[in-house]
Structures are given as C-alpha cells and as structure tokens.
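Me: I have a structure to read and do not know where to begin. Please take me through it feature by feature.

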Amino acid sequence: MIAGICLARDYSQISVYNITENQVETVKLPIGEDVTQIANECFADDVSRILEYMLSNAKAEFEDATEDKIVVAVENFTKEYLAKISESTDLPDIKLIGYNEAFITYMLNQSRELNSNVSVLFDFSASGLRVSELSIKSFGSKQLCYVENASYQIDINSEDVLISEQLLNVATELMFGKVISSVYLTGEGFLDNRSYDTFINYICERRRVFIGQNIYAQGAAYYALMADKLEANYVYACNERIKADVFVRIDEKGSEKDLRMVKCGSNWYYTNNQYDFILDDCNTINIYVDKLNEKEIKCYEIPLEDFPKRKPRTTRVGLELEFESDNTFTITIKDKGFGEFYKATKANVTTNITI
C-alpha cells in the first residue's frame, strides 16, 4: 500500500494512492471515543497503535492493497520524537517527514496556477497559529521550494470575532505587497462551526482559498508515491531539510576537487554519512559549508592535535557526519592507522558545527 499519514493530536489522517483511479484519496476513519482514547494513549506512550489503527482501516477500504511505502508527516520534527516513532513501530518501509515537506509535496501536485507565485498555509490548532509561505523558483537544473514559517499565539477558545481580527492582523502583515497564488486553511480552528468573517473576506480578495484537514496526509501520500522523481527535480528548503552543501577539498590524481559529503536539500534526520580519507597533512582537516542564499563559503578548521604525527599520506582517518537539526551537525574524526605500517590508535576528535 502506498499511504501517507498525518500524525497529530487533533486530526490524524491517512490518505492512500488508489491504483485503479490513479489518484490519492483520504480514508474516512470511524469517529468515536475509542479513536480519541487511542490517540491520547499513543501520544502519551507510543504511536504504534494509532498507526496500526489507521492502516487497518485503509486496508479494509482498499482490500487488494499490500503494504509497500508508508510516509508519516509529523509537526514535531525533532530527533527525540522521530526516534520515538521509529522505535515504536515494526513497519519496515516507514519514512518520516515534516509538515513543511508534506505541504511542499501537496502543492507540487496541484495545478501550476495555484503555486506560480506564493502559496500560504494557515494551520490553526489548540497550540496556536502556524503560517507557512511557499515559493518555487528556478535553481540550476532544478526547482527550489522554499518555505518560511511563522508562529503566533492565538487562543482557539476565544470568541470568533476576536480570533478573526487576530487572524486578519497576521494575514495583512504577512501578505501585504505579495502576489499570492493560493491560500490554504487547516487545523481544528478552521472547522465548519467557526466564523471569521473579516479574515475570510480579506484572504478571498482576488485569491484562490481552500480549506481542508487532509493537506499533510495527502502530501505524505504523494511523497510515498513519487519520492524519487521529486528529489531528482526539486530542492526542498525548509526546517526539515539541510539548506547547505557540506564538502571537503581532496586531491584526485594531482587535481584539487570538492567532495560533497552533504547535499543541499537533504532531510537532516536521514543524513548520517561516513567517509575514509588518507591525509596529506596530519595537523588539520578543513570542512567547507556553502549555505543557501549566502555568497561566502565558510571554512571550519578542525585541528588534529592528539593524532600521531606521521609522514604525508600514511594516515587514514574515518570521518562521520551526524545532524542534530537542520542547521547543526557533529563531525567525528578517528585515526584508522595505515595498514601494516601503522596501527590504528584511539585518537579522535568531535566538533559541533552550526550552519
């Protein structure tokens, strides 16, 4: 089964690719106290129950489907939370993405007129208002999908008139002077029983406006369906992705060459790269960071003070990069000796770099 799941406290959703109809469809889940209890328990303990519950309902509707690719979109895209999800499920092909990635993917599967300029998503829940602005532009041979986020403390329990004015203030501040192709509303705060007249009237002026609770789930399903094609043609630039190239300069057959260890647009949670190098200079290793939208390439010099001093090209080191977030990573360098000539030592150095 090719499925996308939006994992959230208020509105968890699952969308499935219908092979027969060649389209992504949102599965209607039963509503009741048992569902609420499952959701509350899974966020307090583990998420396996809610995932199993949604997948079992999807299989019941698509009886001939078999498990294949499952993508889960989460709002809390932190290493601790993502590790908790990974550890709590036995699903072999599950992939985790963030809400921004799901929103980008959803928009890439809409008609071009809806994302030709800026697309804005208002996500209003009990935790407040989260606004995402997406712009798509040329980036070499690919397209760059850049998302900017802003958060606002708006009490969902306030009167509709007050909330409408607060939403209007946010909208006018963020959207003034910009060409907006489309506006999307999602979250508990935009259910049918709420009325925000002044806000709605403003955003509907010469703009296409849509409301729905399945944007993230559908985006996740589209990503499960076409991840390889998306990664080949688009660079995602958002909080779940690394917005820089990370490289070292090496000598290859007498010529200097940049070896890219981390590619701009990579999902930071899945970036854990390892390399072996033979050193010319046993004193330092230089790490270069070419950040998106910055002209200057930064060089980070890592001293190898505790490493044994050997002749040039007789020291092999292992280098490992592991990201903690979209802009912070750790580099660990270890001495691996040099075959029978020099045994590996316990010499190592660990450096934290903020992009």
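The dialogue below goes from the whole chain to single residues.

Me: What kind of model is this, and what does its secondary structure come to?

Reply: It is a predicted model. The chain has seven helices and 19 strands.

Me: How are the extent and the surface of the chain described?

Reply: For extent, take a box along the principal axes; the C-alpha atoms here fill one of roughly 75 × 50 × 40 Å. For the surface, take the accessible area, which is about 18,400 Å² for the chain. Carbon and sulfur atoms account for 46% of that area.

Me: How much of the chain is buried?

Reply: A residue is called buried when its relative accessible area is under 20%. Of the 355 residues in the chain, 49% are buried.

Me: What share of the contacts joins residues at least 24 apart?

Reply: Begin with contacts between residues at least 6 apart in sequence. In this chain, 65% of them join residues at least 24 apart.

Me: How far apart are the mean positions of the positive and negative charges?

Reply: The chain has 37 positive and 56 negative charges, and their mean positions lie 9 Å apart.

Me: Now a single helix. Which residue marks the bend in α7?

Reply: Compare the end-to-end span with that of a straight helix. Helix α7 covers residues 215–233, 19 residues in all, and a straight helix would reach 27 Å at 1.5 Å a residue. The end C-alpha atoms of α7 are only 22 Å apart. The bend is at M226 and comes to about 85°.

Me: Which residues outside glycine have a positive phi, and where do they lie?

Reply: Two cases can be read here. R206 has phi near 55° and is not a glycine; R206 lies in the loop between α6 (197–203) and β10 (208–211). N293, also a residue other than glycine, has phi near 70°, and its place is in the loop between β15 (284–291) and β16 (298–303).

Me: Why do R206 and N293 count as exposed?

Reply: The cut-off for exposed is over 50% relative accessible area. R206 is exposed because its value is 81%. N293 is exposed because its value is 58%.

Me: Is F77 buried or exposed, and what does it touch?

Reply: Place the residue, then read its accessibility, then list its contacts. F77 sits in the loop between β4 and α3 (79–88). At a relative accessible area of 11%, F77 is buried. Leaving aside neighbours within four places in sequence, the contacts of F77 include L82, L96, I97, W268 and Y269. As for distance, the C-alpha atoms of F77 and D123 are 16 Å apart, with their positions 46 residues apart along the chain.

Me: Where is K69, and which residues does it touch?

Reply: K69 belongs to strand β4 (residues 69–74). K69 counts as partly exposed because its relative accessibility is 38%. Not counting residues up to four places away in sequence, K69 touches M1, I2, A3 and A224. K69 and A3 are 66 residues apart in sequence, and their C-alpha atoms are 6.5 Å apart in space.

Me: What is L259 in contact with, and how far is it from N157?

Reply: L259 is in strand β13 (residues 255–262). Its relative accessible area is 24%, so L259 is partly exposed. Apart from neighbours within four places in sequence, L259 is in contact with V246, F247, V248, I250, Y275 and F277. L259 and N157 are 102 residues apart in sequence and 53 Å apart in space, C-alpha to C-alpha.

Note on methods: Residues numbered from 1 in each chain as written. Predicted model: local features only at pLDDT ≥ 70, side-chain atom pairs only at ≥ 80, totals over all residues. Heavy atoms only, no water. Helix = DSSP H or I, 4+ residues; strand = E, 2+ residues; numbered from the N terminus. Buried < 20%, exposed > 50% of the residue type's maximum accessible area, 1.4 Å probe, protein only. Contact = heavy atoms within 4.5 Å. Areas by Shrake-Rupley, 256 points an atom, 1.4 Å probe, with all protein chains shown as cover. Lys, Arg positive; Asp, Glu negative; His and termini not counted. Charge placed at Lys NZ, Arg CZ, Asp CG, Glu CD. Expected span 1.5 Å × (residues − 1). Bend = angle between axes of the 7 residues up to and from the residue.
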